[in-house]
Amino acid sequence: MRKLIIILLLSASATLTNAQSNNIEIGIIDTINSKILNEKRSIWIYKPENFDVQKKYPVIYLLDGDWHFVSVVGMIQQLSYINGNTICPEMIIVGIPIKDRFRDLTPSCDSSISKISGGYNEFISFINEELITYINSAYPTAPYKILIGHSLGGLTVINTLMKFPNMFNSYIAIDPSMWWDNQISLNEAKNTLASDKFENKRLFFAIAHNMNKGMDTTSVRKDNTRNTLAIRSNLELSDMLKANSNNELNFQTKYYLNESHGSIPLIATYDALHYIFDFYNFPMDKSDYADTT
C-alpha cells in the first residue's frame, strides 16, 4: 500500500525547530484496494506524537477526512498531552476522504439529487470489513473506536448507530442530514430507538442554527417549508432520543445558537470529546500545580 507524506508548508518567515527542513509532517496517506467498492481508496493516518508500539491506542474514524483531518489532529494533540492535558487519551486518527458524498454517505437513492446515491451499505461494509481490519493489522489498536461525521457524514453516523451499533463504541453526529429522502433514516430511527438496546454506547449529537431570522427552536417546529426541513429533522431526532431513555443509549444533544451548518464541526468535535471521555480526565485544581519543594 502506497504511502505519501501529508505536509503543512510553513511560510518563509516561520520559526523552524529543524533548520534543515521547512515542513511539518502530521501524518501519512495510505491506499487500500477495496474489493467491496471495486476501487482504490486513500486514507489519511495520524499516529500519536509519543507513539509507542508497546501501547494500544483507541482509533477515531473520521468521515470527510480530507476536510477535517488537520483540525481533529490538532485537537487530539491539544487535549491528550499538550500543556499536560489529559482530557482524552492519545489516539490514532484515520481520515476517510469521500469520493462522492451522495454515493457513499446516503442510505437510499434520491435520483432528483444524485442518480448514484444510496451506496451506504457498500461503504460501511468497506469500513467494517476492510478498513478497520487493515488498521488493526498495521497499528497497535485498542478495541475502542469512535466514528465522526458531519452533514451527510453525520447521517452515516446515525445510520451506523441504528443499524450496526456494535461497530463503534462512540458516535459523533454533527448536524446530520436527517432530511435525506423524505426523512427515511429519521423514520427508521424512530422505531429502532424505541425497540433496540444500546448498552455501553455513546452518542454526541450536535445541531446547528439553520433557520430563518427571527425563528427559534419553538417557532421553527411549526414551520413546514423546505427551507427549515434540515433543522426540523434534527430537532425531531433530538426529541426521539429524549423520549426513549429506556434503550440504555448514553447520549448528549447540543444546539449551537451561534454556529451555522458550515462552522459547527470544530466546536462540536471539541465538546464531543469532552463528553465521551468525561471519565478519563483526572480533575486538578491550582494547588495541584503548586511547587511544594
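This text walks through the fold, the cores, the largest pocket and a few single residues of a predicted model.

Start with the whole protein. The chain forms 7 helices and 9 strands. It has 293 residues, and buried ones make up 51% of them. The accessible surface comes to about 14,800 Å². Carbon and sulfur atoms account for 49% of that surface. Next, look at how the contacts span the sequence. Take those between residues at least 6 apart in sequence: 70% of them join residues at least 24 apart.

Now go inside. The largest nonpolar core holds 55 residues. Within this core, Tyr61, Ile127, Leu131, Ile135 and Leu237 touch the most other members. Helix α3, residues 120-138, supplies the largest share of the core, with 9 residues. Ile135 is a good place to pause. Beyond its neighbours within four places in sequence, Ile135 is in contact with Ile43, Ile45, Val59, Tyr61, Val94 and Thr141. Ile135 and Tyr61 are thus linked twice in this account: both are among the residues that touch the most other core members, and the two are in contact with each other.

A second core is separate from that one and has 31 residues. Among them are Ile29, Ala272, Leu273 and Tyr275.

Turn to the largest pocket. About 260 Å³ of space lies in it. The lining has 14 residues, and Glu25, Ile26, Gly27, Lys47 and Glu49 are the closest to the pocket centre. Two elements give two or more residues to this lining: β2 (23-34) and β3 (39-46). Strand β2 provides the largest share, 6 residues. By type, the lining divides into 8 nonpolar, 3 polar and 3 charged residues.

Several single residues deserve a closer look. Begin with Asp64. It sits in the loop between β4 (57-63) and α1 (65-80). Is Asp64 buried or exposed? Its relative accessibility is 2%, so Asp64 counts as buried. Setting aside neighbours within four places in sequence, Asp64 is in contact with Ile96, Ile98, Arg101, Leu105 and His150.

Asp271 takes us to a helix. This residue lies in α7, which covers residues 264-276. At 17% relative accessibility, Asp271 falls under the 20% limit and therefore counts as buried. Which residues does Asp271 contact, leaving aside its neighbours within four places in sequence? They are Phe204, Lys254 and Tyr256.

Last come two residues picked out by their backbone. Most residues other than glycine have a negative phi. Asp175 has a positive value, with phi near 40 degrees. Asp175 is found in the loop between β7 (170-174) and α5 (180-195). Its relative accessible area is 2%, so Asp175 is buried.

Asn200 also has a positive phi, near 65 degrees. Its place is in the loop between α5 and β8 (202-208). Is Asn200 buried or exposed? Asn200 has 66% relative accessibility, so this residue counts as exposed. The pair thus sits in two loops, one between β7 and α5 and one between α5 and β8. Asp175 is buried, whereas Asn200 is exposed.

Notes:
Residues are numbered from 1 along each chain as its sequence is written. This is a predicted model: local features need pLDDT of at least 70, side-chain atom pairs count only at pLDDT 80 or more; totals for chains, interfaces and linings use all residues. Side-chain values use heavy atoms; hydrogens and water are left out. On a 1 Å grid over the protein atoms alone, a cavity is a set of points where a 1.4 Å probe fits but cannot get out, and a pocket is an open set with protein on both sides within 12 Å along at least five of seven lines; lining residues have an atom within 4 Å of a point. Grid points are joined across faces, edges and corners, and a volume is the space filled by probe spheres set on the points. Helices (H or I, at least four residues) and strands (E, at least two) are DSSP runs, numbered from the N terminus. Ala, Val, Leu, Ile, Met, Phe, Trp, Tyr, Cys and Pro count as nonpolar, Asp, Glu, Lys and Arg as charged, and the others, Gly among them, as polar. A nonpolar core is a set of buried Ala, Val, Leu, Ile, Met, Phe, Trp, Tyr and Cys residues joined through side-chain atoms within 4.5 Å. Buried means under 20% relative accessible area, exposed over 50%, partly exposed in between (1.4 Å probe, protein chains only). Contact means heavy atoms within 4.5 Å. Accessible areas come from the Shrake-Rupley method with a 1.4 Å probe; for residues, only the protein chains shown count as cover.
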